[in-house]
Amino acid sequence: MAVRVGVIGLGFMGRTHLEIHLNNPRAEVTAYCDYDPNRTKGDMSTGGGNVGEAKKLNIDPTKVKAYFEPDELINDPNVDAVDICLPTYLHAEIAIKALKAGKYVLCEKPLTVSLKEADQIVEASKKSKAFIMPAHCMRFWPEWDWLKKAVDSKEFGKVHSATFKRFAAAPGWSAKNWILNPKLSGAALFDLHIHDTDFVRFVFGNPKAVFSVGNGGKSTRDGIDHVVTSYLYKNPKLVVVAEGGWNADTSYPFTMRYTVVFDKATVDFDASREGKVLMLHRAAEKVGEVVKVATQNGWQLEIDYFLECIEKKTKPTIITVKEARESIALVHAEEKSIRERKIVKIR
Ligand SMILES: NC(=O)c1ccc[n+]([C@@H]2O[C@H](COP(=O)([O-])OP(=O)(O)OC[C@H]3O[C@@H](n4cnc5c(N)ncnc54)[C@H](O)[C@@H]3O)[C@@H](O)[C@H]2O)c1
């Protein structure tokens, strides 16, 4: 039997997740929720986003129940799994309620900006008969999954350096502009850059310390809109750096890149380089090779994994709630490093 899914929050991420669930045979969308009545009629065309298209979705109102209040969806007996795509500041409250109601939860990243709330979510998940899976999609993105496997297998030897970049114009689509309020979203540091922080931890583990520089003032008044972090590991020769921000001007395209130098190869990912998104440059070869990976995107693979874990009654291991909590903690260390202009040790 398909997993009966309810999606809460039908903005950029909600409509993306909803469309994926509607096309995944493991899922049956039985409910969705948004306080915007156009969106609960299936018309997401007023939404925005930096990937994909905001459009009308064909939703059968006899099969999908529309709610305006998240609590009502959570308590719907025809919902087994709740997919939370609400603004970040609402995640903790709704995720904890859903876990208490015994529902499986997929919750967008960041789980929350507050470490106190992150701990409350971890506690709620321990007490629940279901589970929560934080939606850290980069762990599932095919070219990033390929990189994780290349590092783990040591196929190209050890890593000398890994640099990541995620850069965009400030989001202009969010409901009542919540993303541009650092108290609600954590600004680019928590909303955007956490993708790379979490991936760095996934591949290299927690660093011993971080040194970050960054600033705000262009896109938000007192949030961190642009950050560059060096993750400092026990091996002093390992260079791991991530740059992220949304300070670019509006015509600048969403940019997602990495370059990793191994002993025996250099790999380079650039989401905008059509047909050559992931390139492998082997030592001593004159020409780089295009690396072919799965054609599904990370959101599709992440959602499929979530549904598969429910089907198999196993807890997710690729990303766990504790891992997501540690990534939030590391981003806090980066913020401390920026604000205090010093290296911050990680315990
Ligand atoms: N994984 C990714 O790649 C990715 C990309 C973008 C956003 N996100 C995350 O997804 C989450 C949502 O971001 P978004 O860009 O979709 O935001 P958004 O503003 O586009 O969408 C939020 C939706 O929630 C609705 N909403 C707000 N408060 C509500 C309430 N109390 N009750 C019912 N509906 C309510 C709004 O009407 C809106 O439709 C954030 O946590 C963000 O960080 C993740």
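**View 1. The shell around the ligand takes residues from two domains.** In this predicted model, domain 1 (3–135) and domain 2 (139–298 + 328–345) each supply at least three residues to the shell around the ligand; the domain bounds come from an automatic or database domain assignment. There are 28 residues around the ligand, and Asp34, Arg39, Thr88, Ala175 and Asp191 are the closest. To count as near, a residue needs a heavy atom within 4 Å of the molecule. Sorted by type, the shell has 17 nonpolar, six polar and five charged residues. Here Ala, Val, Leu, Ile, Met, Phe, Trp, Tyr, Cys and Pro are called nonpolar, Asp, Glu, Lys and Arg charged, and the others, Gly among them, polar.

**View 2. Oxygen atoms of the ligand pair up with polar atoms of the protein.** Take Asp191: one of its polar side-chain atoms sits 2.7 Å from an oxygen atom of the ligand. With Met13 it's a polar backbone atom, 2.8 Å from a ligand oxygen. Lys109 also uses its backbone, with an N or O atom 3.1 Å from an oxygen atom of the ligand. On its own the ligand has 850 Å² of accessible area, and the protein covers 93% of that. Accessible areas come from the Shrake-Rupley method with a 1.4 Å probe, and for residues only the protein chains shown count as cover.

**View 3. A cis peptide bond joins Lys109 and Pro110.** Omega is about -20° at this bond. Pro110 belongs to the loop between β5 (104–108) and α4 (115–127). Helices (H or I, at least four residues) and strands (E, at least two) are DSSP runs, numbered from the N terminus. What makes a cis bond worth a look is that most peptide bonds are trans.

**View 4. The largest nonpolar core lies between the two domains.** This core has 69 residues, and Trp146, Leu147, Phe164 and Tyr258 touch the most other members. A nonpolar core is a set of buried Ala, Val, Leu, Ile, Met, Phe, Trp, Tyr and Cys residues joined through side-chain atoms within 4.5 Å. Helix α9 (residues 298–312) is the top contributor, giving seven residues. Domain 1 (3–135) and domain 2 (139–298 + 328–345) both add residues to the core, so it ends up between them.

**View 5. Arg139 is a buried residue in a loop.** Its loop runs between β6 (132–135) and α5 (142–153). The relative accessibility of Arg139 is 2%, where buried means under 20%, exposed over 50% and partly exposed in between (1.4 Å probe, protein chains only). The side chains of Arg139 and Glu323 make a polar contact at 2.9 Å. Such a contact is a pair of N or O atoms within 3.5 Å; within protein, one must be able to donate a hydrogen and the other to accept it, and residues adjacent in sequence count only if both atoms are side-chain atoms.

**View 6. Lys176 has a positive phi without being a glycine.** Phi is about 55° at Lys176, which is in the loop between β7 (159–169) and α6 (182–185). Lys176 is exposed, at 73% relative accessibility.

**View 7. Arg341 has a positive phi too.** Its phi is near 50°, and Arg341 sits in the loop between α10 (321–340) and β15 (344–345). Arg341 is exposed, with 72% relative accessible area.

**Notes on the views.** Residues are numbered from 1 along each chain as its sequence is written, and side-chain values use heavy atoms, leaving out hydrogens and water. The model is predicted, so local features need pLDDT of at least 70 and side-chain atom pairs count only at pLDDT 80 or more, while totals for chains, interfaces and linings use all residues.
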